Amino acid sequence: MNATQSTETVSRFINALNEEDFETARGCVADDLTFTGVMGVRNGADAYFNDMKRMKLKYSIRKIFVDGDDVCLWYDIVMENKSILSCGWYQLEEGRIKSFQVVFDPRPLLG
C-alpha cells in the first residue's frame, strides 16, 4: 500500500467516526483490530466499535504524517465536552487499519 492509500483509509475512518457512520468506519479496519489508548486496550473490531457507538467522539485533524503503512495524526478529540490534543499512530495491513495507539494527557477528564 502506498502513502496516499494509507492516508485515505485513515482519513475515511476518522470522517466516518465524526459522522457516526460506524458501518463505513468498520470497513476501514481489520476484524482483529487492536486499539491501545490511555484508558485501556480493545482487542477486536467489535469491542472497539461497541465503545465508539456509546462514546461518539469527534475528531479534528491538525496534521497527518505518513510513512508507507504507518499513519500518524495530531488531532483534537472531543471527549466529555472537552477538546483534548492527542496523537494517534495507525498501522495498516492489506489496506485496513490493523492496530492503532492513541496518547493524550487525561488530566482534563479526571476532574
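A residue is called buried when its relative accessible area is under 20%, exposed when it is over 50%, and partly exposed in between, using a 1.4 Å probe and protein chains only. Good morning, and thank you for attending.

The structure above is a predicted model, in which local features need a pLDDT of at least 70 and side-chain atom pairs count only at pLDDT 80 or more, while totals for chains, interfaces and linings use all residues. Residues are numbered from 1 along each chain as its sequence is written, and side-chain values use heavy atoms, with hydrogens and water left out.

I begin with the salt bridges. Side chains of opposite charge can pair when their charged atoms come close. Here a salt bridge means a side-chain nitrogen of Lys or Arg within 4 Å of a carboxyl oxygen of Asp or Glu. How many salt bridges does a search of the whole structure find? The search finds nine.

Please look at Glu 20. Its side chain meets that of Lys 56 in a salt bridge, at 3.9 Å from N to O. This pair links distant parts of the chain, 36 residues apart: Lys 56 is in the loop between H3 and E3, and Glu 20 is in the loop between H1 and helix H2 (22-26). In these names, helices (H or I, at least four residues) and strands (E, at least two) are DSSP runs, numbered from the N terminus. Glu 20 also forms a salt bridge with Lys 58, at 2.9 Å from N to O. That second pair again joins distant parts of the chain, since Lys 58 lies in strand E3, 38 residues from Glu 20. Glu 20, Lys 56 and Lys 58 are thus linked in a network of salt bridges. Lys 56 counts as partly exposed because its relative accessibility is 41%. Glu 20, at 35%, is partly exposed, and Lys 58, at 27%, is partly exposed as well.

Another salt bridge joins Arg 54 to Asp 51, with the closest N and O atoms 3.2 Å apart. The two residues are separated by about one helical turn, because they stand three residues apart in helix H3. Is each partner buried or exposed? Arg 54 is exposed, with a relative accessible area of 59%, whereas Asp 51 is buried, at 14%.

Helix H3 (residues 45-55) also holds Asp 46. Asp 46 is exposed because its relative accessible area is 55%. Between the C-alpha atoms of Asp 46 and Tyr 75 there are 24 Å in space, and the two are 29 residues apart in sequence.

I turn now to the strands. Two strands pair if DSSP finds at least two bridges between them. Strand E3 (residues 58-67) and strand E4 (residues 70-79) pair in the antiparallel sense over nine bridges. Within this pairing, Lys 63 stands opposite Trp 74 in E4. E3 and E4 form a hairpin with two residues between them, and Gly 68 in the turn has a positive phi of about 65°. E4 also runs antiparallel to E5, and ten bridges join them. There, Val 78 faces Ser 83 in E5. E4 and E5 likewise form a hairpin with two residues between them, where Glu 80 in the turn has a positive phi of about 50°.

Next come the aromatic rings. Rings of Phe, Tyr and Trp (its six-membered ring) pair if their centres lie within 6.5 Å; planes under 30 degrees apart count as stacked, over 60 as edge-to-face and the rest as tilted. The structure holds ten such pairs. In one of them, Phe 13 and Tyr 90 meet edge-to-face, 6.2 Å centre to centre, with 65° between the planes. Phe 13 is in helix H1 (residues 3-18) and Tyr 90 is in strand E5 (residues 82-93), so the pair links parts of the chain 77 residues apart. Both Phe 13 and Tyr 90 are buried. Ring pairs link Phe 13, Phe 35, Tyr 48, Phe 49, Tyr 90 and Phe 100 into a cluster.

I close with a loop residue. Met 39 is found in the loop between strand E1 (29-37) and strand E2 (40-43). Met 39 counts as exposed because its relative accessibility is 54%. Thank you for your attention.
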